[in-house]
Amino acid sequence: MRLLAIGDIHGCLQTLEGLIDQVQPTKKDQVIFLGDYIDQGPSSKGVIDYLIKFGRRFPQTVFLRGNHEQMMLEAWHYRGRPAKVRETLDSWDWQSLYRTSKEYAVSMGGPKYVEAVWINNGGFPTLESYGHRPPPEEHLRFLINTKLYFETDKYIFAHAGCDRQDRLAETDPFTFLWHPYMCRFRGDGAPLKTVVVGHRVETKPFFAEYWVALDTGCGCGFYLTCADLLTGQVFQEKNEIGETQK
Ligand SMILES: [Mn+2]
């Protein structure tokens, strides 16, 4: 069995397909996607389609939420249209999370800029990949069902970082989605876990004691990275900045 974590994809389906061809996951592996599937690259819709199929083929896969998925959900919620999107998003416990991008939007000028914040953070190619139409319900459900964190006996996975290791359930979602905190604290005396993240672009995969960072700039023409945490084996696929929409 391998414990495989995959960093930020950012709408680059060709690169994702190339990486998965290298990794050749099997049903014995556990794959954890660290979030930021959309924005920047040209094929966000295609990436979500791919991941939905991947999750059907490998049901033990964990899909974390990135700040970009959060921004997109909030932008669609803010748009509040059309009825189908509103219905789907109204069934989502969005209020507890809404402020994660709103807080950021407020710092940029005001809550009415929620959508503008998303567009300014690479959301426009995502809108284009959906033909400027609302995402299908299956895609919204996929995004809503992404997790803020995932924990095993030795690892904590989150998109950006975490706060106290022994208080994950009480952690502010903003921290998981946005803050690259290298958390090495727990108050319950249990051994520290290694925190595995994406979010902050590193020039190469970063492995330190209790901290692994795997966002290597896919969407910016660098690399998409997968690491097997149990062996340290790394797979990388070069991201072509001019990759075409799929
Ligand atoms: Mn990212």
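## Working through a predicted model

Asp36 sits in the loop that links E2 and H2. The model is a predicted one, so let's see what can be read from its backbone and packing.

**Exercise 1.** Work out what phi says about Asp36 and Asp39, and decide whether each is buried or exposed.

*Solution.* Start with the backbone. Asp36 has a phi near 60°, which is positive even though the residue isn't glycine. Asp39 is also placed in the loop between E2 and H2, and its phi, near 75°, is positive in a non-glycine residue too. Next, count neighbours: the cut-off for buried is 20 or more other C-beta atoms within 10 Å. Asp36 has 28 of them, so it is buried. Asp39 has 27, so it is buried as well.

**Exercise 2.** Check the length of helix H2 (residues 44-57), then find which side of H2 is buried.

*Solution.* Length comes first. H2 has 14 residues, and at 1.5 Å a residue they should span 20 Å; the C-alpha atoms at its ends are 20 Å apart, so the two agree. Now list the buried residues of H2: Ser44, Lys45, Val47, Ile48 and Leu51. These cover an arc of only 160° around the axis, so they lie on the same side of H2. The spacing makes sense, because an α-helix has 3.6 residues a turn and residues three or four places apart point the same way. On the face turned away from the buried side, H2 carries the exposed residues Lys53, Arg56 and Arg57. Finally, ask what the buried residues pack against: helix H1 (13-23), strand E2 (30-33), strand E3 (62-63), helix H6 (114-129) and helix H7 (137-144).

**Exercise 3.** Find the strands that pair with E9, and say how far E9 is enclosed by the rest of the structure.

*Solution.* Take the partners in turn. Strand E1 (residues 3-6) runs antiparallel to E9, and three bridges join them. In this pairing Ala5 stands opposite Ala227 of E9. Strand E10 (residues 234-238) also pairs with E9 in the antiparallel sense, over five bridges. Here Leu224 faces Glu237 in E10. Then look at the connection: E9 and E10 make a hairpin with five residues between them, and Gly232 in the turn has a positive phi of about 80°. Last comes burial. Five of the six residues in E9 (residues 223-228) are buried, so the strand is largely enclosed by the rest of the structure.

Conventions:
Residues are numbered from 1 along each chain as its sequence is written. This is a predicted model: local features need pLDDT of at least 70, side-chain atom pairs count only at pLDDT 80 or more; totals for chains, interfaces and linings use all residues. A residue is buried if 20 or more other C-beta atoms lie within 10 Å of its own, exposed if 12 or fewer, and partly exposed in between; C-beta atoms are placed from the backbone. Helices (H or I, at least four residues) and strands (E, at least two) are DSSP runs, numbered from the N terminus. Two strands pair if DSSP finds at least two bridges between them. The expected span of a helix is 1.5 Å times one less than its number of residues. The arc is that of the directions from the helix axis to the C-beta atoms. Two residues are in contact if their C-beta atoms, placed from the backbone, lie within 7 Å.
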